[in-house]
Amino acid sequence: MKKFILTIAGGGSTYTPGIIKSLLLNKEQFKLEELRMYDLDAERQNKVAVVVREVIKEMDPELKLTLTTDPQEAFTNADFIFAQMRVGKYAMREHDEKIPLKYDVVGQETCGPGGMAYGFRTIFPMVQLIDYVEKYAKKSYWIVNYSNPASIVAEAVRRLRPNARVMNICDMPVGAMRNISAILGCKREELTVEYFGLNHFGWFTKAYVNGVDRMPEILEHTKKHGLLLPDMSKVDVQHSDPSWLKTWGNIKYLVEMFPEYLPNPYMQYYLISDHIVENANKERTRANEVMEGREKKLFSAVDRYNDTGEMDTSAFYVGVHGQFIVDVAMSLAFDLRKRFLVIVENKGAIANLPDDAMVEVPAYITSNGPEVVRVGEIPLFYKGLMEQQLASEKLLVDAAIEGSYTKALMALTMNKTVKSAFQAKKILDDFIEANKGYWPELK
Ligand code: NAD
Ligand code: G6P
Ligand code: MN
């Protein structure tokens with residue numbers, strides 16, 4: 001039976017132990033010859049590896065684990081690469097969130113100006129990663145990419161490395177499906193959805209269980225409670241801390257106003273941006289919560305392990321995040337043709353949007369990649385919103401490729417979260433200062 005070499009790029013990520021646990025839960029089918037962790041930050045990766053070794057010891061003690069900062073060692077003969085790098089780490093995420101808020105604009109790591117700043121940092125490192133993989137990995141490689149901001153990364157890769165074997169994914173739709181199925185009292189696997197959008201910018205239109213569309217029930221529930229159940233921690237720990245509960249709750253307002261479809265939670269940043277800004281803490285954003293929460297919990301568990309030899313296994317979890325990337329990889333590896341929401345080139349899937357848009361839609365994942373489901377025409381409200389967001393993201397990628405200040409300013413001005421070009425310019429100028437050494441030069 002075939003065995004795979006799999007590399008996690010961004011091995012020092014807080015999500016790595018959960019993803020590896022998910023891989024090993026599937027070890028009977030998805031057999032690994034070697035698991036590698038690759039990161040630029042050896043110290044951070046070494047810490048995370050303390051937890052990873054414990055997971056391997058418990059679940060698959062014979063498995064070879066390699067830690068490296070050398071691309072050749074990381075990717076030689078690799079079959080799968082799971083990419084999850086955060087260029088600039090949480091320190092830069094904090095700037096992405098706090099700089100726009102200074103000007104009363106949404107401060108979010110993947111939406112609005114913050115997502116654009118993160119995009120500017122990530123485009124070229126992602127292209128570099130692809131080049132390493134092309135050089136060293138098996139020709140049949142697949143990069144399954146979580147690295148954000150996924151929309152901008154996907155658009156840049158489409159333009160700069162059109163033949164690369166990259167499957168761009170996001171765990172938010174599957175996170176929402178987890179809540180939907182809990183509300184309906186079915187298993188997530190029993191739920192089939194229709195959906196259209198861009199990444200972090202989309203809508204569920206149908207929710208089938210045993211062939212019956214239960215979207216009306218979900219919309220009724222959401223109007224009252226948002227996409228929440230009384231005890232979310234029983235549903236899954238991931239996306240269940242106080243700020244995520246607030247986000248799931250906010251969907252209520254969106255469905256009250258637009259009762260047609262169920263929005264992706266990230267639509268709150270575009271459709272009720274005033275409410276988001278009014279309720280934001282400009283001094284303490286999500287980056288601070290994550291550093292004091294998920295990151296601290298994991299690294300404290302490492303310190304404690306080093307002192308006592310005891311591992312606190314509650315410091316990490318598989319969640320929908322760990323499950324989803326492994327499900328997608330297995331569908332690619334074994335031609336399972338499972339249906340997932342993924343980020344692909346439109347090519348007519350959404351009939352009234354451009355062919356070259358990177359859209360998030362259902363697709364059957366085969367060993368040759370995604371077979372995309374046709375969505376047809378979408379109504380004007382959603383089309384208009386998506387066209388504006390698409391233009392903003394495409395201008396941002398233009399700006400990075402051309403090194404153009406004006407295009408960057410257009411990209412920010414075009415974004416729905418930004419009120420005026422003056423506001424966009426102030427944010428852009430602050431970002432240029434904060435991102436020295438990370439951003440391409442803009443002239
Ligand atoms: P993290 O900071 O804990 O880990 C990211 C790691 O990437 C760090 O160890 C960092 O040193 C490393 N890194 C940075 N630049 C690199 C490069 N050029 N090459 C190799 N490694 C590099 O971040 P996290 O919160 O665990 O998130 C990891 C990534 O996954 C982020 O991009 C995040 O936005 C993304 N993410 C995406 C989804 C999704 O749905 N698409 C969900 C969760 C997280
Ligand atoms: C969701 C999104 C990801 C994003 C993550 C942030 O899972 O789909 O794209 O990276 O949330 O979560 P955090 O806990 O880091 O704020
Ligand atoms: Mn996402």
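This short talk goes through the overall fold, the two ligand sites, and the pockets and cavities of the structure above.

Before I start, please keep in mind that this is a predicted model, in which local features need pLDDT of at least 70 and side-chain atom pairs count only at pLDDT 80 or more, while totals for chains, interfaces and linings use all residues. Residues are numbered from 1 along each chain as its sequence is written, chains are lettered from A and ligands numbered from 1 in the order in which they are written, and side-chain values use heavy atoms, with hydrogens and water left out.

Let me begin with the fold. The protein has 17 helices and 13 strands, these being DSSP runs numbered from the N terminus (H or I with at least four residues for a helix, E with at least two for a strand). A compact globule of 443 residues would have a radius of gyration near 22 Å, and the 21 Å of this protein agrees with that; the radius is taken over C-alpha atoms, and the globule rule is 2.2 Å times the number of residues to the power 0.38. Along the principal axes, the C-alpha atoms fill a box of roughly 55 × 55 × 45 Å.

Now to ligand 1. Around it there are 26 residues, of which S13, D39, R44, Y90 and Y118 come nearest, where being near requires a heavy atom within 4 Å. As for polar contacts, that is, pairs of N or O atoms within 3.5 Å, a polar side-chain atom of S13 lies 2.6 Å from an oxygen atom of ligand 1, and a backbone N or O atom of M85 lies 2.8 Å from an oxygen atom of ligand 1. The protein covers 95% of the 850 Å² of accessible area that ligand 1 has on its own, by the Shrake-Rupley method with a 1.4 Å probe. Helices α4 (89-102) and α5 (112-136) each supply at least two residues of this shell.

Ligand 2 is surrounded by 14 residues, the closest being R93, N148, D171, H239 and R286. Oxygen atoms of ligand 2 lie 2.8 Å from a polar side-chain atom of N148, 2.8 Å from a side-chain N or O atom of H239, and 3.1 Å from one of H200. Here the protein covers 92% of the 400 Å² of accessible area that the ligand has on its own, and helix α13 (residues 286-308) gives the most to the shell, with three residues.

What, then, lines the second largest cavity? The residues are T110, P149, A150, S151, N199, H200, Y270, Q389 and E393, so H200, whose side chain also contacts ligand 2, appears in this lining too. On a 1 Å grid over the protein atoms alone, a cavity is a set of points where a 1.4 Å probe fits but cannot get out, whereas a pocket is an open set with protein on both sides within 12 Å along at least five of seven lines, and lining residues have an atom within 4 Å of a point. This cavity has a volume of about 60 Å³, a volume being the space filled by probe spheres set on grid points joined across faces, edges and corners.

The largest cavity has about 90 Å³, and helix α14 (residues 319-334) gives the largest share of its lining, three residues.

Finally, the second largest pocket, at about 480 Å³, is lined by 21 residues, with P162, A164, V166, E345 and K347 nearest its centre.

Definitions and conventions: A polar contact is a pair of N or O atoms within 3.5 Å; within protein, one must be able to donate a hydrogen and the other to accept it, and residues adjacent in sequence count only if both atoms are side-chain atoms.
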